Amino acid sequence: MTPAEAAPTAESARPATAPGSVAPAPGATPPRNPLVARAAAELIGTALLVAVVVGSGIQATELTKDVGLQLLANSTATVFGLGILILLLGPVSGAHFNPVVTLAECWTARRGGAGVTLREAAAYVPAQIVGAIAGAILADAMFGEQLGKWSTHDRSAGHLLLGEVVATAGLILLIFGLARTDQLRFAPVAVASYIGAAYWFTSSTSFANPAVTIGRAFTDTFAGIAPGSLLGFIGMQIVGGAVGLALVALIFMRGRLAE
């Protein structure tokens with residue numbers, strides 16, 4: 001999974017008032033919000049996202065033994081939860097909830113585009129990781145599971161790693177493509193819908209998020225991932241992010257040159 005990622009902000013809808021000002025990139029942070037508020041939004045948003053993913057997985061396994069129905073319940077809850085979180089926290093922090101999205105924005109900003117700075121990324125990424133771990137522990141606590149127990153769900157197979165490349169590349173292509181085509185207002189629905197679809201069309205069930213991946217290692221439940229599988233998943237997510245940015249540059253080249 002899981003998950004997020006960018007939403008249109010109130011600032012992005014306003015015309016620039018200063019010479020040379022640049023509209024926010026996908027998930028870009030509104031300049032009026034203090035960095036501490038934005039980092040808090042990323043921490044809380046990522047925590048709630050992981051709580052939704054893990055909690056719905058636990059609930060599903062308690063309600064049915066059918067793995068297909070379990071995945072359906074898990075993916076449906078994630079779609080609705082992610083969409084709401086992007087809508088709510090997008091105007092505050094951009095609703096990244098994902099280090100790959102944050103780092104992709106930072107890369108774009110360093111190449112002359114709009115996005116987060118290195119200082120902002122240095123605040124966002126740790127907040128996302130801490131939030132993800134807290135969210136997994138919170139979900140386990142709500143369902144009476146053993147807290148802080150490492151997952152034993154091995155996900156190291158090669159086809160699963162390929163699924164993570166595809167899932168993450170598609171996510172980055174979607175978010176930055178929406179930004180390039182001035183359609184970020186649709187991000188809450190579009191990003192949530194993509195993650196819901198990727199649950200089913202990727203072999204890995206679309207983690208597509210290093211912070212969420214780390215958080216899910218802290219729960220030995222339906223949504224968990226064994227610590228031994230973390231390095232491979234996170235590595236492939238970073239590769240997928242790079243592939244996604246390359247696809248954005250290729251597909252939306254004409255729009256970028258016209259700016």
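Me: Let's start in a loop: is Thr205 buried or exposed?
Reply: Happy to, keeping in mind that this is a predicted model. Thr205 has a relative accessible area of 16%. The cut-off for burial is under 20%, so Thr205 counts as buried.

Me: What is the phi of Thr205, and where does the residue sit?
Reply: Thr205 is not a glycine, yet its phi is positive, at about 65°. As for its place in the chain, Thr205 belongs to the loop between H6 and H7. In short, the phi is about 65° and the place is the loop between H6 and H7.

Me: Which other residue in the loop between H6 and H7 has a positive phi although it is not a glycine?
Reply: Look at the residue with a phi of about 55°, a positive value in a residue that is not a glycine. Its relative accessibility is 0%, so it counts as buried. This residue of the loop between H6 and H7 is Ala208.

Me: Stepping back, how many helices and strands does the protein have?
Reply: From the N terminus on, the elements run α-α-α-α-α-α-α-α-α. Of the 259 residues, 51% count as buried. The tally for the protein is 9 helices and 0 strands.

Me: Are H1 and H2 roughly parallel or roughly antiparallel?
Reply: H1 covers residues 35-63 and H2 covers residues 67-93, and their axes come within 8 Å. The axes cross at roughly 165°. Angles over 145 degrees count as roughly antiparallel, so H1 and H2 are roughly antiparallel.

Me: How do the residues of the contact of H1 with H2 divide into nonpolar, polar and charged?
Reply: This is the contact at the right-handed crossing of H1 and H2. The residues of the contact divide into 13 nonpolar, 8 polar and 2 charged.

Me: Is Glu62 of H1 buried, partly exposed or exposed?
Reply: Glu62 lies in helix H1. Leaving aside residues up to four places away in sequence, Glu62 touches Phe143 and Glu145. Its relative accessibility is 49%, so Glu62 counts as partly exposed.

Me: At what angle do H5 and H6 pack?
Reply: The axes of H5 and H6 are 11 Å apart. The two helices are roughly antiparallel to each other, and H5 passes H6 in a right-handed crossing. Their packing angle is about 165°.

Me: Which residues of H6 meet H5?
Reply: From the H5 side come Val166, Ala167, Gly170, Leu171, Leu174, Ile175 and Leu178. The residues of this contact divide into 12 nonpolar, 1 polar and no charged. On the H6 side, the partners are Ala187, Ala190, Val191, Tyr194, Ile195 and Phe201.

Me: Which residues have the most contacts inside the largest nonpolar core?
Reply: The largest nonpolar core has 49 residues. H1, H2, H3, H4, H5, H6, H7 and H8 each supply at least two residues of this core. The residues with the most contacts inside it are Leu82 and Phe97.

Me: Which helix gives the most to this core, and how many residues are in the other core?
Reply: With 8 residues, H5 gives the most to the largest core. Apart from that core lies another, whose members include Cys106, Val116, Ala121 and Tyr124. So to sum up, the helix is H5 and the size of the other core is 5 residues.

Conventions. Residues numbered from 1 in each chain as written. Predicted model: local features only at pLDDT ≥ 70, side-chain atom pairs only at ≥ 80, totals over all residues. Heavy atoms only, no water. Axes fitted to C-alpha atoms, helices over the stretch in contact; angles between N-to-C directions. Helix = DSSP H or I, 4+ residues; strand = E, 2+ residues; numbered from the N terminus. Parallel < 35°, antiparallel > 145°, perpendicular 65-115°, else oblique. Left-handed = near helix turned anticlockwise from the far one by under 90°. Nonpolar A, V, L, I, M, F, W, Y, C, P; charged D, E, K, R; others polar. Core = buried A, V, L, I, M, F, W, Y, C linked by side-chain atoms within 4.5 Å. Buried < 20%, exposed > 50% of the residue type's maximum accessible area, 1.4 Å probe, protein only. Contact = heavy atoms within 4.5 Å.
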